[in-house]
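Dear colleague,

Please find below the structure that I am handing over to you. My notes on what was found in it follow directly after.

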Amino acid sequence: MLNSTPLKNYTTAERKAYIQAIASIATADRTASAAELEYLSILSTEIGLSESDKESIIKSGEDTSDDNLFQSIAVLKNSELRFSLLAELINLAESDNEYH
């Protein structure tokens, strides 16, 4: 799991967009497994998101549209967090041992 301390140095909007992008990509296979949703929940808590933000993230993990992903990428396009996103996506893929 990621070291959440550096993420706390970013704005709430950036942190939420970061996790939102991960959640959106979790549905690339048009479903999010229980393991993926649990991973998103733990990650959201670790980086200090509010309960309402956490619920929004989980809903993104269950949503099969690409809208949340595009919005998140727009927020992150000028953020240093865009470089950390790749490692987290690999962790997410490993969370259910299914690579598509």
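A residue is called buried when its relative accessible area is under 20%, exposed when it is over 50%, and partly exposed in between. Serine 33, at 22% relative accessibility, therefore counts as partly exposed. Please keep in mind throughout that this is a predicted model.

Serine 33 sits in the loop between helix 1 and helix 2. In sequence, 29 residues separate serine 33 from glutamate 62, yet their C-alpha atoms are 9.1 Å apart in space.

Let me now turn to the chain as a whole. It contains 5 helices and 0 strands, so that the order of elements from the N terminus reads α-α-α-α-α. Of its 100 residues, 41% count as buried. The chain exposes about 5600 Å², and carbon and sulfur atoms supply 52% of that area. Among contacts with a separation of 6 or more, 78% join residues that are 24 or more positions apart.

One pair of helices deserves a description of its own. The axes of helix 1 (residues 12-26) and helix 4 (residues 67-76) come within 8 Å and cross at roughly 140°. The crossing of these two helices is left-handed. On the side of helix 1, the residues in contact include Ala13, Ala17, Tyr18 and Ile25, while helix 4 contributes, among others, Leu69, Val75 and Leu76. Sorted by class, this contact has 8 nonpolar, 4 polar and 1 charged residues.

Is glutamine 20 buried or exposed? Glutamine 20 belongs to helix 1, and its relative accessibility is 7%, which means that it counts as buried. Leaving aside residues up to four places away in sequence, glutamine 20 touches Ser56, Ile57, Ser60, Asn68 and Ser72. Of these, Asn68 and Ser72 are among the helix 4 residues that meet helix 1.

Helix 2 (residues 34-46) allows a simple check of its length. How far should its 13 residues span at 1.5 Å a residue? The expected span is 18 Å because the rise is counted over one less than the number of residues, and the end C-alpha atoms of helix 2 are indeed 18 Å apart, which agrees. The buried residues of helix 2 are Glu36, Leu37, Tyr39, Leu40, Ser41, Leu43 and Ser44. After helix 2 comes glycine 48, with a positive phi near 80°.

Yours sincerely

Terms used:
Residues are numbered from 1 along each chain as its sequence is written. This is a predicted model: local features need pLDDT of at least 70, side-chain atom pairs count only at pLDDT 80 or more; totals for chains, interfaces and linings use all residues. Side-chain values use heavy atoms; hydrogens and water are left out. Axes are lines fitted to C-alpha atoms, for helices over the stretch in contact, and angles run from 0 to 180 degrees between N-to-C directions. A crossing is left-handed if the near helix is turned anticlockwise from the far one by less than a right angle, and right-handed if clockwise. Contact means heavy atoms within 4.5 Å. Ala, Val, Leu, Ile, Met, Phe, Trp, Tyr, Cys and Pro count as nonpolar, Asp, Glu, Lys and Arg as charged, and the others, Gly among them, as polar. Buried means under 20% relative accessible area, exposed over 50%, partly exposed in between (1.4 Å probe, protein chains only). Accessible areas come from the Shrake-Rupley method with a 1.4 Å probe; for residues, only the protein chains shown count as cover.
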